[in-house]
Every structure is written in structure tokens, then in C-alpha cells.
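Please find below my notes on this two-chain model, set out as numbered points. They are meant to be read with the sequence and the coordinates open alongside.

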Amino acid sequence: MTGPVTTSAPQVLPVRLVGELGARALEVLQSLGRFGRFLVQAITYIFVPPFKLARLVERIHFVGFRSLTIVVLTGAFTGMVLGLQIFLVLSRFGSEAFLGPAVALSIIRELGPVLCALIVTGRAGSALTAELGIMKITEQIDALTVMALNPVRYLIVPPIVAGIITFPLMTAIFDVVGIFGGYLVGVELLGLSPGTYFGEMQTFVDRADVMTGFWKSLSFGVIVTWVCTYKGYYCGHGAEGVARATTQAVVLSSVLILVWDYFLGSVLP
Amino acid sequence: MIKVEGLRRSFGAQPVLRGIDLEVASGEIMVVIGRSGGGKSVLLKHLVGLLRPDAGRIFVDRTEITRLRRSALDRIRERYGVVFQGGALFDSMSVFDNVAFPLWEKVRIPATEIRQRVEEKLAQVGLQGMGHKNPAEISGGMRKRVAIARALVTEPEVVFFDEPTTGLDPILVNTIHHLIVELHRKFRFTAVMVSHEIPEIFRIADRVAMLHEGLIAECATPEAIQASANPVVQQFIRGEIESAPPAR
């Protein structure tokens with residue numbers, strides 16, 4: 001009686017495992033497809049009227065203007081730390097004159113776009129996810145849908161466009177403040193001449209460096225708002241679902257920023 | 001007006017709707033009753049197109065809505081007003097803006113007329129002078145009334161109410177029911193309401209449908225439902241527990 005049972009069990013287990021693996025792979029593919037379709041849909045509605053300008057202005061204020069204080073603070077201290085550390089390294093080789101370009105290139109090409117994006121993810125991205133998540137669980141998104149109003153047009157397009165507009169601007173502010181932070185330490189504190197700090201910068205920093213920073217910040221603006229709105233729009237049930245979506249949004253945005261930064265850093269001049 | 005044929009829907013392995021057949025006539029108040037978690041709200045979400053069924057069809061004036069594309073479905077939804085269970089008011093807007101929102105977005109009329117219509121609707125639900133308040137600053141009963149005002153401000157042909165009186169005290173329950181009947185008498189919309197409020201709903205419904213285990217157990221006038229010989233219906237409307245001890 002036990003014979004057939006003992007012989008069939010080892011066959012069933014691998015089949016079940018393969019089945020579960022396949023189901024999991026399909027689930028991942030499905031969510032990746034939904035993730036991609038979400039962005040395509042949002043980008044399509046950017047160009048299709050009616051345009052929600054008041055909502056866009058409000059989102060620019062929320063994502064950009066309200067992040068300015070923290071962006072300026074972070075930019076200043078990043079520049080000051082860079083100024084101090086790079087000065088210490090360069091002084092060992094007697095090359096303190098290159099402090100200006102070293103600080104400027106580090107900030108303009110890498111630290112400005114990346115740190116700015118990470119900070120805005122923490123401040124505005126998480127809030128975007130939580131806000132959309134609460135709208136989802138309190139049926140406010142369903143209310144828009146049954147009013148025959150497209151929730152993507154109302155809730156997703158404005159933050160994505162706001163991200164595209166504000167991230168490069170905030171990065172530019174971060175860059176300028178960071179460079180002056182480096183100036184404060186290098187020139188005012190450590191005694192480098194102002195002419196050397198800015199003069200060498202003009203020699204070594206060119207338009208391609210600025211454009212690299214610009215393209216990075218622009219793409220980070222899309223990544224952060226895309227991930228954060230997606231996670232909020234498709235969040236799970238209850239307070240726990242919103243909390244999990246917010247955490248996932250911040251983690252995924254941060255990882256994608258770093259991965260995309262490496263990719264762009266290797267393909268852009 | 002609305003016809004549901006063989007509607008089936010499962011969530012995972014759990015069948016919730018197992019072949020619903022229901023017809024709602026134009027201008028009537030149809031109340032769907034049934035036990036909590038029995039699929040009443042799921043049925044309502046299918047009627048407004050928020051969920052797609054696994055099988056079955058829903059017709060609105062001979063148009064089958066279950067397979068419509070979004071834009072075509074939106075044209076049907078423009079005739080709808082929906083009152084959600086929790087109100088679903090936009091918490092970033094004031095009470096006035098919540099009620100005005102569908103008009104701003106869907107109806108091309110001057111701002112003065114919008115203001116007039118919103119104030120008129122707020123007065124009809126007994127909330128005149130409350131337009132400046134935020135939804136978080138008003139009581140649950142007021143939020144339900146704002147939701148009713150928002151659903152009716154575009155003067156829809158069909159209004160769906162998802163448990164509009166849940167969690168309210170008996171006086172507010174009667175106030176809201178009275179309000180719905182009054183507005184129905186005035187605007188003659190078709191109403192589909194999901195509710196638990198027994199026996200209050202018998203005073204407002206034209207017909208009552210009892211949903212039980214994913215099927216319509218009975219659909220009839222309030223009088224016929226109350227006199228029904230169906231033990232499931234009797235148990236529900238009397239609120240009897242299944243293993244109740246014999247009455248002394």
C-alpha cells in the first residue's frame with residue numbers, strides 16, 4: 001500500500017518547485033510589465049490635453065521648492081567636506097592649486113545629481129508614495145475613476161513633470177552651493193587664493209561635465225517620481241501596505257539612482 | 001436600466017460572486033442586503049466598472065459594460081454618481097471644493113453657476129455654511145452627506161450607495177435615508193444601494209435583493225422580502241444567529 005506513495009513523492013516535489021518558480025517568475029515579469037506600462041502611460045498623458053497646470057505648479061512647489069532648504073544645507077556641507085578632504089590629499093603632492101577643479105568636477109559630475117536625488121527621494125518621494133497610498137486605501141483614487149476622470153492624468157503626470165523640471169534646477173543650486181562650500185574651506189579657512197580656486201576651475205571644467213550632471217539629474221527626476229508614484233498607486237491594504245510601499249519606494253529609488261548613475265557615468269563623456 | 005447576467009468573480013481560490021442575476025429598473029431604489037463579506041461591495045464595484053468579472057455580463061441600457069474600453073466606459077460613468085463607504089472625500093480639498101470638483105472637471109459652466117450649484121447641494125444635505133471646512137474637521141455623518149452632495153451635484157441618472165449609513169447613530173441613519181428618499185423624489189435617479197440597515201431600508205427601497213453565498217437568494221419588494229418563506233432571508237432580516245439556543 002505504501003509503495004506508490006513513496007515513489008510518487010520525489011517526483012511531485014521537483015514538479016511543484018518548478019511550478020512555484022515559474023509562477024514567481026511570471027509574477028515578477030507581470031509586475032515589471034506593469035511598472036513599465038505605468039511610465040509609458042504617464043508620459044503619453046504629458047502630451048495629451050487637458051493639461052493640469054494648477055496641479056503641476058502645486059507639485060513643483062511640493063517636490064522642488066519645499067526641498068530647497070535641505071538641498072542647500074546638504075550642498076554646503078558636501079562642498080565643505082570635499083574641500084577639506086581633497087585639500088589634505090592634494091597638499092601631500094603639493095597640488096593644492098587643483099582644489100577648485102577637483103571639488104567642482106566631483107560635485108557637478110557625480111555628487112550634485114546623486115546626493116540631490118537621494119535627499120529629494122527621502123523628503124518628497126516618500127511623501128508622494130504615502131499620499132498616493134492613503135488615497136488608494138481610502139478609495140479616493142476609485143472616486144476619481146468613477147467620476148470618469150483619469151487618475152494617472154491627475155495624480156501621476158504632475159509629479160513626474162515636476163520631477164523633470166525641478167531635479168535639474170535643484171541640482172544646479174546644489175552644485176553652486178557645494179562649490180562655494182569648498183571655497184569657504186579651501187580659501188577662507190585653509191588659505192588658498194580665490195583666483196587659484198576659481199581660475200583652475202575654468203580651465204578644467206567644461207560644458208560636457210555640466211551636461212553629464214544635467215542628464216543625470218533629469219533622469220533621476222523621472223526615476224524618483226516614477227518609482228514613488230508607482231509604489232503609492234499600487235500599494236497594499238491598510239496602514240501596513242502604505243508603510244511597506246513607502247519603504248520600498250525609497251529603497252528602490254535609491255538603488256536605481258546609484259545603478260543608473262554608474263551606467264550614465266560610463267556612457268556619457 | 002441595469003441588467004446583470006451570470007456575474008462570477010473569484011479572488012484567488014475564493015469565489016465571491018457565483019452567478020449573479022439582477023435587474024434594476026429605471027428610477028427605482030434597489031437595495032442589496034446580505035451578510036458582511038458576502039460580496040455586496042464587490043458587486044457594486046462591478047456595476048461601476050472598478051472590477052472586471054471572471055464571467056458574466058452587465059448591461060446599462062443595452063450597452064454591455066464588462067468589455068468596454070476605458071474611454072467608452074467613462075462615457076457610461078459620466079451618468080453615474082457614487083457614494084463610497086468611507087465617503088472617499090479628497091482630503092487635500094475643502095468640503096466646497098470636493099463638491100465642486102466634478103463640475104470643474106466635467107461640466108463647462110461658469111464659476112458663478114458652479115458656486116451656486118454647490119451651495120444649493122450643500123444646503124440640500126443640511127451643510128450650508130460648511131463649505132470652507134476640511135473633511136478632517138467634520139463628523140462621520142457630515143462626511144457621508146458631503147459624499148452624497150458630491151455624487152448628486154452633476155445630477156446623475158444612476159447613483160450607487162455603498163453602505164452610506166454604516167457606523168452612524170440611528171438618528172443619523174434615518175436622516176441620511178430621509179435625505180436619499182427626498183433627493184430621489186426630486187431628481188428621479190435610479191439608485192442601487194448596498195446596506196445592512198434592517199428594518200430601515202424597507203421604508204426606502206422599491207425592491208430589495210438578498211445576496212447570499214455569491215448568489216441572489218431573493219429579489220422582491222420590501223413587503224415580499226419581509227414575508228419571505230426563504231429561511232436565509234428570514235434569518236438575516238431577524239438577525240438570528242445560526243446556532244442560537246431555543247427561545248425561552
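1. Which residue in E4(B) does B:Ile2 stand opposite? In E4(B), the residue opposite B:Ile2 is B:Val60. Before going further, please note that this is a predicted model, in which local features need pLDDT of at least 70 and side-chain atom pairs count only at pLDDT 80 or more, while totals for chains, interfaces and linings use all residues. Residues are numbered from 1 along each chain as its sequence is written, and chains are lettered from A and ligands numbered from 1 in the order in which they are written.

2. The first sheet of chain B. Strand E1 (residues 2-11) of chain B pairs with strand E4 (residues 55-60) of chain B in the antiparallel sense, over five bridges; strands here are DSSP runs (E) of at least two residues, helices are DSSP runs (H or I) of at least four residues, and both are numbered from the N terminus. Two strands are said to pair if DSSP finds at least two bridges between them. The open sheet to which these strands belong has four strands in the order E2-E1-E4-E5 (chain B), with antiparallel pairing. Strand E2 (14-24) and E5 of chain B each have a single partner strand and stand at the edges, so one side of each is left without a neighbour in the sheet.

3. The hairpin in that sheet. E4(B) is joined by two bridges to strand E5 (residues 63-64) of chain B, and the two run antiparallel. B:Val60 stands opposite B:Thr63 in E5(B), and B:Phe59 stands opposite B:Glu64 in E5(B). Two residues lie between E4(B) and E5(B) in this hairpin, and B:Asp61 in the turn has a positive phi of about 50°.

4. The second sheet of chain B. Six strands form an open sheet in the order E6-E7-E8-E3-E9-E10 (chain B), and the pairing is mixed. Its edge strands are strand E6 (80-83) and strand E10 (215-220) of chain B, each of which pairs on one side only. Neighbouring strands of this sheet are turned against each other by 15° on average, direction ignored, where the axes are lines fitted to C-alpha atoms (for helices over the stretch in contact) and angles run from 0 to 180 degrees between N-to-C directions.

5. Both ends of the second sheet. At one edge, E6(B) runs parallel to strand E7 (residues 158-162) of chain B, and four bridges join them; B:Val82 has B:Phe160 in E7(B) as its bridge partner. At the other edge, strand E9 (residues 207-212) of chain B pairs with E10(B) in the antiparallel sense over five bridges, and B:Leu211 stands opposite B:Ile216 in E10(B). E9(B) and E10(B) form a hairpin with two residues between them, and B:Glu213 in the turn has a positive phi of about 50°.

6. Chain B as a whole. Chain B contains nine helices and 10 strands. Its radius of gyration is 19 Å, which agrees with the value near 18 Å that a compact globule of 248 residues would have; the radius is taken over C-alpha atoms, and the globule rule is 2.2 Å times the number of residues to the power 0.38. The C-alpha atoms of chain B fill a box of roughly 60 × 50 × 35 Å along the principal axes.

7. Chain A as a whole. Chain A has nine helices and zero strands. At 24 Å, the radius of gyration of chain A is well over the 18 Å that the globule rule gives for 269 residues, so chain A is more spread out than a compact globule. The box filled by the C-alpha atoms of chain A, taken along the principal axes, is roughly 90 × 55 × 30 Å.

8. Helix H9 of chain A. Helix H9 (residues 238-267) of chain A has 30 residues, which at 1.5 Å a residue should span 44 Å, and its end C-alpha atoms are 43 Å apart, which agrees; the expected span is 1.5 Å times one less than the number of residues. Among the buried residues of H9(A) are A:Val242, A:Ala249 and A:Ile257, where buried means that 20 or more other C-beta atoms, placed from the backbone, lie within 10 Å of the residue's own (12 or fewer is exposed, and in between is partly exposed). What covers the buried residues of H9(A) includes helix H4 (99-137) and helix H8 (207-233) of chain A.

9. The contact between the chains. 10 residues of chain A are in contact with 14 residues of chain B, contact meaning that the C-beta atoms, placed from the backbone, lie within 7 Å. On the side of chain A that touches chain B, the residues divide into five nonpolar, three polar and two charged; Ala, Val, Leu, Ile, Met, Phe, Trp, Tyr, Cys and Pro count as nonpolar, Asp, Glu, Lys and Arg as charged, and the others, Gly among them, as polar.

How values were computed: Contact = placed C-beta atoms within 7 Å.
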